[in-house]
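Work through these exercises with the structure beside you. Try each task before you read its solution.

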Amino acid sequence: MTTFAVRPGGSRQLAGTGVLLRFALRRDRLMMPVWIAVNALMVLSMPGTLEGLYGTPAERADLVRQMETNSSLRAMVGPVFGDSLGALTAWRVGIYAGALAAVMSLLIVVRHTRDEEESGRQELVASGTVGRRASLTAALLAAAVANGVLALLVTAGLAGQGTTGALALGLGIAAVGMVFATMAAIVAQLTESARLSRGLTAAVLGAAFVLRAAGDSATDDGSSVLTWLSPLGWLENLRPYASERWWVLALLAGAVALQGAVAYALAGRRDLGMSFLPTRPGPASGRLGSAGALAWRLQRGGVLGWSIGFFLAGVVYGGMTDGAADLVGDNDNARRIFERMGGQSGLTDAFLASMVGMLGLIAALYIVASVLRLHGEETSGRAEPVLANAVGRVRWAAGHLVIAFGGAALIMLLAGLGFAVGYGKETGPILAACLVQLPAVWVVGGLAVLLYGVLPRAALAAWGVAGAVLLIGWVGPALDAPQAVLDASPFGHLPKLPGGSMQWGPVLVLTGLTVLLVAGGLAGLRRRDMTT
């Protein structure tokens, strides 16, 4: 049991918080700006995009009327409460901005709490003049800084559409981020594994999105009980730019305060490195008799969660395909954006291609997380006992990489099956469209392998690569970015299916590039020293 150098009680439990906060911000000096930039650019680019799509009040009013009768699109983006550019911006990206802020926040908190304990670094820190709750406080403050900067950028960037609405949207997005930051703080006290902490908190976020989607599909004003059970539903019911409901911010603040208090109470009642829900020990033989079996045991929960999520996403997006075509109608500007994302084809095919492409971008996040599991196993010291036996480094790494790259193929295949179920037509072309995303997804995974194998201290920069790819693919077409910018992403070279023609050249080049990147990363892993 770790002995703290300060006596528990009073303000001494927060001793060292400032130093730990500065250290956390320094460690996140790359990851945090990427997440903030992606989220802020997504929000701030939307007014100009919407103005190009629906330039007149009559067009915007017609959009609002169509949304009132389109339950499938309400499930995707929520109800719309006004026809101004500000209100339409809050409607179109508010929920997704809140979800991205939630993901950023939970990653920050888990990294600076449970990750630190799991790696053993927190024990060294706690042996000095550091309070029992200092690490938790520093992690929450780091999340608050990130969400505060995001709120400032959103408020300042949208002030031209109306200062009050911009302030409401910025504060609402930041508040949702802090709700999930404090939730992650609770989960980090309950579980022994950082991976499980991230997974459980992300599962709660997924459940919140599903509840909101189910509620919004049933009503057109956000009044469903299911919507109110979700923090994302609270964000849409804040109604920026549409007679703001400021009392909803009090609801979000109350959730943050309550969850923060629970996290602090739990943190004061457990030993360092322990948890209230200890991990159940597993068998030491049988299915775990090989490095590959161990890798599967460690990652199977993540693969299952991503698989279910992609299949359900495919069902939802497939079901709204016809509704999206009806909503765009004769709007040439909207048609051009869909076609730029999905290829020069009919609107239905372009919409399907753009949704499949978006899932491909998200799959890049999965493969980075799965590859970096190697980094987590190494830095936590768990890889050392495995490698001390008759298991080579390449064999050990190969077990995780098979799951990373094979898992990416699995989730995209399930997404295609989900599209086929939801849309009910063209099963073959949709499956092909999903699978053709894999070479680009694998290139991102290959870059993560290369960084981990050659520059292990910079391995987490793979998240920056995934964030940049997501930003280019998500925001680039809407901003009418130059083709050179779009081509900086591996996804920009893929054939646009369904509807377009299959081009094997780019697919083979990207696959070959993946092989070279993975080979380079494994060669670097064989030659470098292992870290702890």
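Buried means under 20% relative accessible area, exposed means over 50%, and partly exposed lies in between (1.4 Å probe, protein chains only). The model is predicted: local features need pLDDT of at least 70, side-chain atom pairs count only at pLDDT 80 or more, and totals for chains, interfaces and linings use all residues. Residues are numbered from 1 along each chain as its sequence is written, and side-chain values use heavy atoms, with hydrogens and water left out.

**Exercise 1. Classify S71 from its accessible area.**

Step 1: Find S71 in helix 5 (residues 71-77). Helices (H or I, at least four residues) and strands (E, at least two) are DSSP runs, numbered from the N terminus.
Step 2: Read the relative accessible area of S71, which is 34%.
Step 3: S71 is therefore partly exposed.
Step 4: Look along the chain to A214, 143 residues from S71; their C-alpha atoms are separated by 9.5 Å.

**Exercise 2. Describe the protein as a whole: how many helices and strands does it have?**

Step 1: Count 26 helices and 0 strands.
Step 2: Take the 532 residues; buried ones make up 53% of them.
Step 3: Turn to contacts (heavy atoms within 4.5 Å). Among those between residues at least 6 apart in sequence, 76% join residues at least 24 apart.

**Exercise 3. Check the length of helix 11 against its expected span.**

Step 1: The expected span is 1.5 Å times one less than the number of residues.
Step 2: Helix 11 has 25 residues, so it should span 36 Å.
Step 3: Its end C-alpha atoms are 37 Å apart, which agrees.
Step 4: List buried residues of helix 11; among them are T201, L205, A208 and R212.
Step 5: Recall the geometry: an α-helix has 3.6 residues a turn, so residues three or four places apart point the same way.

**Exercise 4. Describe the surroundings of R212: is it buried or exposed?**

Step 1: Locate R212 in helix 11 (residues 194-218).
Step 2: Its relative accessible area is 0%, so R212 is buried.
Step 3: Find its polar contact (a pair of N or O atoms within 3.5 Å; within protein, one must be able to donate a hydrogen and the other to accept it, and residues adjacent in sequence count only if both atoms are side-chain atoms). The side chains of R212 and D216 are joined at 2.6 Å.
Step 4: Leave out residues up to four places away in sequence. R212 then touches several others, including R74, I95, L232 and E236.
Step 5: Follow the chain to L232, in helix 13 (residues 231-237). The C-alpha atoms of L232 and R212 are 6.7 Å apart, with their places 20 residues apart along the chain.
Step 6: L232 has a relative accessible area of 0%, so it too is buried.

**Exercise 5. Which residues does I108 contact beyond four places in sequence?**

Step 1: Place I108 in helix 6 (residues 85-111).
Step 2: I108 is buried, because its relative accessible area is 0%.
Step 3: Its contacts are D28, M31, M32, A139, A142, A143 and A146.
Step 4: Pick out A139, 31 residues away along the chain; its C-alpha atom is 6.8 Å from that of I108.

**Exercise 6. Which helices do the buried residues of helix 26 pack against?**

Step 1: Name some buried residues of helix 26, including V507, L510 and T514.
Step 2: The partners are helix 21 (393-423) and helix 23 (438-454).
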